[in-house]
Amino acid sequence: MRSLPFLLISLAIAAIIFVIARLLQNDYVFFAGYTVLQFVVLATAWNILGGYTGYVNFGTAAFFALGAYTTVFFHKLYPLPIPLLIVIAALVSGLVGLGMGYLTLRLRGSFFAIATLALAVVLQTLIVNWDFVGGSRGAYVIRPREIPILGSYIQYLFLIMLLLAVAAIVTARTIERSRLGYGFATIRDDELAAEAAGVPTLKLKLIATMISGAFMGMAGAPFPYYIGYLEPSSAFGLPYAVNSIAMPMIGGTMTWIGPVIGAVLLGVIQQVATVTISSAVNLLLVGVLLVVFVVIAPNGIMGLFPKRRKKSAP
Amino acid sequence: MLVSYDLVLNALIAGILLGGFYAAVTVGISIAFGILDIVNIAHPAFIILGSYIAYLVNSQFGLDPILTSIIALPVFYVLGAMVYQVYYLSFERRGQDALRGLAFFFGLLFITEVLLILVFGVDYRYVTAAYIDWPPLHLGVIDIPMRMLIPCLISLALLGTLQLFLSRTFTGRAIMAVAQDQLALKLMAANPIRIKRIAFGISIATAAMAGAFLIVIQPVEPSIGREYIGRVFAICVLGGLGSLPGTLIAAMLLGIVESFTATFYGPSWAPAVSFGILLLTLAVRPAGILGR
Amino acid sequence: MSENLLQVENLGKRFGGFVALDAINFNVQTGERVGLIGPNGSGKSTLVNCLCGTLTNETGSVHFDGRNVDGLVAHQRTRLGMARSFQLPRPFVSLSVAENIRVPLLYTVDARKGLHHMKPAELHDHCVEVLKLVGLEAKAHDSPRDLTQVEMRKLELARAIAAEPKLLIADEAMAGLSQSEVTDIVALLIRLNERGITVILIEHIMRAVMSFSQRLVVLVSGRKIADGRPDDVIRDPEVERAYLGQ
């Protein structure tokens, strides 16, 4: 299926989801749904770099928090509409991704992974020491009660995240089927041979890092409005990193569907676990599932299905 | 800002002592990553585990933490060997890309932290030992706290022992060789997998002692491990992968830099120091896909 | 009188204390067929890696097609017209055989065309043509994992050919092939050479090297010890002692 029909179908599905959610007349659906959709974006974004090119990013939280703190920064300065904040967050996170990539992508994959972890901590330290955005005390962002047309604000946030998820999925799928996607796959399979075949590996890796980082930042931009109170240890929390790695690895890293499956599956399980048992056990579950899947089913759930060899021409 | 002479000197000495401790924390990674090329980012989790075990034994039986860790060495060794076996069967043997191995250790890191939170909670835990309460050693204007000196000295002993082991014994030299030439090792009738398993076991065993040092130096809580990931890899890379003397020197350097930062700029900047050094080192280090 | 397509001056490469290549000097003229031989570990593959940019040499310089390529990374050199096959095949395992060929077509051949990209049909035709050259067209949709060792070597060679190089370096492409397959590959390389592609053939199979090469270069322990007509070189006492006499 070409990209345009896919986009239209995705938007149609998104519209259906939104309508169903509204019909359920329960705000909790929107709150929980927002979280799951956020995971879809993060998992898909992570997979563009981690799954397609094979370079593991442990610093999902850094890019996510960058997006969130961009919002906080402007909220204190001059509140802007969320869509604009998302664009700014994309720019900021994308640029940081580019910079970090430029510093570290010439190294082996394992050094890159460690560097991403380092970046997350450096950024967290910078934010903690920056009083304008609240520092270690955190920042309050009051969520407006209502919004014209839609009614409750949480529905607005849900809709935004829904559209972001569509954007992320369509982007991932388009990349996958394009010339760029071939390039990414060769980097993952054998970077040395890719270079010898004419693939500009550094440039492609930088592109992947930028796109991946940008989407993570975009996912973070509405977050302060969702949560109301943002402080560094939650914004930079390890659960973001673990989830954004676990979801694609469990769902399958080779295509765009894997992260979506992983995000929905794990996202729903976590919502249930948090409500019925406790949030700590829920995190434990994610960690255990990650290890188990990585050891037993390296290609995730999608890897259990036989591969279809067809790829459309670039 | 007026810089006082004793402040500088004390920061220097504190940094050196800290460095000695950091060397013990890092030596496990020097073996696992530097020699075996296994990116065990869960190493700090094993260290924290060691800290909590020392805490448990100390609070129940009053046993000295460092002594506890020495007793715990074989247990951690076996744990390390088991972890390596799983790692080998799941990843190395299948020739899997590095991604899966990294995710595996990351998962272990995370699981350990969450389990510790579930069992012990997020409160800080500390140990009581005789020498922690001893008055500091006075050398002129310098104050040397015993809770820093003792771990540092024992750490140096640990490193010395390991260096001797790696350079003088057959197994030790086999470990050094396994990274470079597995075939040659096989021809010498040594099983590379077994050698690697021994090495990784030793790597995790050092975490037991490092954990004891940690809880002597400062109170611990489950998420502290994460701060050490950057320190450990920064030191490892800075000191030259796989070189124990290099590890010691790099650890001292990092300790000193962190100490000065904490003294003159405040402790909240300390995590950024090590991770910043790591990023800088990685950026400046000769690049190359084939090169190490 | 042909120009020097490749000019290697004083090329040196060390790994720590080990000198892999020591002041290598040699030239290749446009259209030549050069054979490169030497015992295992003599540095042949290291030389190829340095020429193509996969490794960086510490001393010396490489000029290709009139340009100094020092400092250019591998993919830039490939786009300039240097292509190589790897001694141990390195296929892209998550892609099909045909897709493996598509990669150099997309990223080298098409990239050279600048804004005028090849149409999908053109790409497809190029792909099939290259596969036919090495006899792999029946396996176009298979995974590289399903190929035999021999077929993987052919794929390796095909991938280099697909980059439409000016200089093709074949690194032990014929190991494990049968007599007739060796003859086929030599014939293929000669055909490519007649089309204008300069070829450096690195091999242990002396029959192939002798029948193919117009000039023979011998590498031993990182040093070039002979460079001349094949018949002269194999009679060189130093070459006999170091290599052939074993």
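Two strands pair if DSSP finds at least two bridges between them. On that basis, an open sheet of six strands is assigned in chain C of this predicted model. The strand order is S6-S7-S8-S3-S9-S10, and the pairing is mixed. Strand S6 (82-85) and strand S10 (223-228) of chain C form the edges, each pairing on one side only. Direction ignored, neighbouring strands of this sheet are turned by 15° against each other on average.

Within the sheet, strand S3 (residues 33-37) and strand S9 (residues 215-220) of chain C run in the parallel sense. Four bridges link S3 and S9 of chain C. In this region Ile37(C) stands opposite Val218(C) in S9(C). Helix H6 (residues 179-194) of chain C packs on the sheet. Helix H6 of chain C touches S3, strand S7 (167-171) and strand S8 (198-202) of chain C. The direction of H6 makes about 155° with that of S8(C).

Two loop residues of chain C have unusual backbone angles. Most residues other than glycine have a negative phi. Asp65(C) has a positive phi of about 55°, although it is not a glycine. Asp65(C) sits in the loop between strand S4 (59-64) and strand S5 (67-68) of chain C. With 16 other C-beta atoms within 10 Å, Asp65(C) is partly exposed. Glu164(C) is not a glycine either, and its phi is positive at about 45°. The loop between helix H5 (149-162) and S7 of chain C holds Glu164(C). Glu164(C) is partly exposed because 17 other C-beta atoms lie within 10 Å, a count between the limits of 12 for exposed and 20 for buried.

Chain C also contains a packed helix pair. Two packed helices are described by the angle between their axes and the distance between the axes. For H3(C) and H4(C), the axes come within 9 Å and cross at roughly 115°. The crossing of H3(C) and H4(C) is right-handed. On the H3(C) side the contact is made by Ala98(C), Ile101(C), Arg102(C) and Leu105(C). H4(C) contributes Leu123(C), His126(C), Cys127(C), Val130(C) and Leu131(C). The residues of this contact divide into seven nonpolar, one polar and one charged.

H3(C) and H4(C) also take part in an interface with chain A. There, 28 residues of chain C are in contact with 22 residues of chain A. Helix H2 (74-80), helix H3 (97-112) and helix H4 (120-134) of chain C each give two or more residues to the side of chain C that touches chain A. H3(C) gives the most, with eight residues. The side of chain C that touches chain A comprises 15 nonpolar, seven polar and six charged residues.

Chain A also meets chain B. Here 36 residues of chain B are in contact with 40 residues of chain A. On the side of chain B that touches chain A, the elements giving two or more residues are helix H3 (65-92), helix H4 (98-120), helix H9 (224-238) and helix H11 (270-284) of chain B. The largest share, 15 residues, comes from H4(B). The side of chain B that touches chain A divides into 27 nonpolar, six polar and three charged residues.

Chain A itself has 14 helices and four strands. Its radius of gyration is 19 Å, which agrees with the value near 20 Å for a compact globule of 314 residues. Along its principal axes, the C-alpha trace of chain A spans about 55 × 45 × 40 Å. Buried residues make up 57% of the 314 residues in chain A. Among contacts in chain A between residues at least 6 apart in sequence, 78% join residues at least 24 apart.

Two residues of chain A illustrate such sequence separations. Arg177(A) lies in the loop between helix H6 (153-176) and helix H7 (179-189) of chain A. Arg177(A) counts as buried because 20 C-beta neighbours lie inside 10 Å, and the cut-off for buried is 20 or more. The C-alpha atoms of Arg177(A) and Ser3(A) are separated by 9.2 Å, with their positions 174 residues apart along the chain. Pro239(A) belongs to helix H12 (residues 238-251) of chain A. With 19 C-beta neighbours inside 10 Å, Pro239(A) counts as partly exposed. Pro239(A) and Leu283(A) are 44 residues apart along the chain, and their C-alpha atoms are separated by 7.1 Å.

Key:
Residues are numbered from 1 along each chain as its sequence is written. Chains are lettered from A and ligands numbered from 1 in the order in which they are written. This is a predicted model: local features need pLDDT of at least 70, side-chain atom pairs count only at pLDDT 80 or more; totals for chains, interfaces and linings use all residues. The radius of gyration is taken over C-alpha atoms; the globule rule is 2.2 Å times the number of residues to the power 0.38. Two residues are in contact if their C-beta atoms, placed from the backbone, lie within 7 Å. Ala, Val, Leu, Ile, Met, Phe, Trp, Tyr, Cys and Pro count as nonpolar, Asp, Glu, Lys and Arg as charged, and the others, Gly among them, as polar. Axes are lines fitted to C-alpha atoms, for helices over the stretch in contact, and angles run from 0 to 180 degrees between N-to-C directions. A crossing is left-handed if the near helix is turned anticlockwise from the far one by less than a right angle, and right-handed if clockwise.
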